[in-house]
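User: Please take a close look at the interior of this model and explain, for a first-year student, how individual residues sit in it. I would like one connected answer, with each technical term explained where it comes up.

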Amino acid sequence: MTDTALPFDIAPLDVTGTPASTHRSDALTREALVAITVLTVSLFTVILNEMLMAVALPRVMADLAVTASTAQWLTTGYMLTMAVVIPTTGFLTQRFQMRTVFTIAMALFVMGTAVCILAPGFEALLVGRIVQAVGTAIVMPLGFTAVSTLAPASHVGRMMALMTIAVSVAPALGPLVSGLILSVASWHWLFITILPIAVVCLVVGNAMIRVPSIPRQVGIDVLSVCLSAVGFASLVYGLALLGEGGDGHAVVSPWTSVGLGVAVIVLFVARQLHLQKSDRALLDLRPFSVRTFRSIALTMTLFMTAATGVMTLVPVVLQTSYGLSTLQAGLFMAPGGLTIAAITAVVGRLYDRIGPRPLIVVGAVVDAVGLWVLASLAPGASIWLVLAAYLTVIVGQALIWTPLFAGSLGALSETLSSHGSAIVNTIQQLAGAAGIAIAFAVLTAASSTYVAGGQSAGEAMAHGAQQAYLVSLGIMLVALVTAFFIPKQTASASRPVAMH
């Protein structure tokens, strides 16, 4: 019987069943591979679920007889919950075994999904979404922590590529999946479809994740939890309101909420700096003392701001300016998901050899070219030209995703990796909310000007989108500049990434 060659080495087990990793430090153990695979599928599932509801909001509004300002809480509430929970995941992954944290997270997600399926009204549906968000917020950092902790340095790029595919492909496929389901069934089937996949992930993960770890008896600082909850929730809420282009239904004004969020986050940071001296921080900020992590975190913030704004804006413009249906818009974006998957698989291997900086620089250039073309296309341009420009943006993003995640967490010690993962995912949420707010604020302001000048709503929306793409282009160019400050790194299949 001939052995099948795998794209990575798997460490054998000795007679006691213990991985022989001590003899082959460059090999990926079977236990680690199982854990990473289960977490990747789970991560894809929870992120796909997050994207499905955004497309379904008009259907939910009609079915449950709620206004747009009420229905938006199904997405805003999801973002708020994640912003509150993610900073605590560093504590959870240090305090409990990986399998325990995963089981709790996926159990919550399954429970929330079941509530959404059975929801008799809007209030119950919102509760289900919030419970789902708690599970999602834990699974996301856990997946990246697993890769940075379990994968040997020579395999980090390829394993992180699996996570990247989950994070980036799910949003691209979300509109298509949602459009297909909604074309033949009610919005309940969005959750009915997700539930069996989530249950399988929960059962398989609980049974097969057997990664040895030593939980630390760390306490939790109640004041830090309160500051984190108020600060991050206020900031994300304010940014979400700004992205909606108004505050008519808001409890407080967007700028008041943003200002409060920033002020409380400053207090939260000061508290963490004090507590980390005695190793008691809820979110340890020492990863920022590592130059590579600090540089990549800045680039990631800018990249996520530009990328999230564009990815959220494109399906809206396709439907309002080009007259595409929800399903057609989903079909338009579907090739982006396939493109990301194909390129990311190659990028993972390249990262293991050349490190993050060359890939991020090239990706930022390609992304910027695509944004420039999108901003240059006149309203009414061929949909095929729009698709070509969109796919160019996608190619650039695919080159950037894996190096950002792998490079940031790969620069940290095992002690700091869980906190680094929580920081990275918090950046995702905050930068994503900021990106959406900026894109739609520019779109709304510019569109209003064009409508006042006599243009139709659809044409004005297309011109407004051009202005938003230009702003995203400017942000991406700044990200390109910051990428040159990322330390050079080299890697090979036999030795870890080296910092210079």
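Analyst: Thr-113 has a relative accessibility of 0% and therefore counts as buried, a word that here means under 20% relative accessible area, while exposed means over 50% and partly exposed lies in between (1.4 Å probe, protein chains only). This is a predicted model, in which local features need pLDDT of at least 70 and side-chain atom pairs count only at pLDDT 80 or more, whereas totals for chains, interfaces and linings use all residues. Residues are numbered from 1 along each chain as its sequence is written, and side-chain values use heavy atoms, with hydrogens and water left out.

Thr-113 belongs to helix α5, which covers residues 98-118; helices (H or I, at least four residues) and strands (E, at least two) are DSSP runs, numbered from the N terminus. Once residues up to four places away in sequence are set aside, Thr-113 touches Gln-132, Phe-191, Ile-194 and Leu-195, where a contact means heavy atoms within 4.5 Å. Phe-191 also appears among the partners of Leu-125, which, with residues up to four places away again not counted, touches Val-60, Leu-64, Leu-74, Cys-116, Ala-119, Trp-187 and Phe-191.

Leu-125 leads on to the wider interior, since it is one of the residues with the most contacts inside the largest nonpolar core, together with Leu-43, Met-106, Phe-332 and Tyr-469. A nonpolar core is a set of buried Ala, Val, Leu, Ile, Met, Phe, Trp, Tyr and Cys residues joined through side-chain atoms within 4.5 Å, and the largest one here has 156 residues. Helix α1 (residues 30-64) supplies the largest share of this core, namely 16 residues. For the chain as a whole, which has 16 helices and four strands, 55% of the 500 residues count as buried. Of the contacts in the chain with a separation of 6 or more, 78% are between residues 24 or more positions apart.

Tyr-469 links the core to another feature, because a search of the whole structure can also ask where a probe fits: on a 1 Å grid over the protein atoms alone, a cavity is a set of points where a 1.4 Å probe fits but cannot get out, and lining residues have an atom within 4 Å of a point. Grid points are joined across faces, edges and corners, and a volume is the space filled by probe spheres set on the points. The search finds four cavities of 30 Å³ or more, and the largest has a volume of about 140 Å³. Among the 15 residues that line this largest cavity, Val-317, Tyr-322, Leu-374, Val-386 and Tyr-469 are the closest to its centre. Two or more lining residues come from each of α11 (291-320), α14 (383-410) and α16 (457-483), with α16 giving the most, four residues. The lining divides into 14 nonpolar residues, one polar and no charged, where Ala, Val, Leu, Ile, Met, Phe, Trp, Tyr, Cys and Pro count as nonpolar, Asp, Glu, Lys and Arg as charged, and the others, Gly among them, as polar.

Helix α14 also holds Ser-408, which counts as buried because its relative accessibility is 1%. The side chain of Ser-408 reaches the backbone oxygen of Leu-404 at 2.9 Å; this is a polar contact, that is, a pair of N or O atoms within 3.5 Å, of which, within protein, one must be able to donate a hydrogen and the other to accept it, while residues adjacent in sequence count only if both atoms are side-chain atoms. Leaving aside neighbours within four places in sequence, Ser-408 is in contact with Phe-293, Ile-296, Met-300, Pro-403 and Val-424.

Helix α16 holds Val-471, which, at 32% relative accessibility, counts as partly exposed. Val-471 touches Ile-438 and Val-442, with residues up to four places away in sequence not counted. Val-471 and Ala-375 are 96 residues apart in sequence, and their C-alpha atoms are 9.5 Å apart in space.

In the loop between α15 (414-452) and α16 lies Gln-455, which has a relative accessibility of 22% and therefore counts as partly exposed. A polar contact of 2.9 Å joins the side chains of Gln-455 and His-463.

For contrast, Ala-65, in the loop between α1 and α2 (68-71), is exposed, with a relative accessible area of 71%. Although Ala-65 is not a glycine, it has a positive phi of about 55°.

Technical notes: On a 1 Å grid over the protein atoms alone, a cavity is a set of points where a 1.4 Å probe fits but cannot get out, and a pocket is an open set with protein on both sides within 12 Å along at least five of seven lines; lining residues have an atom within 4 Å of a point.
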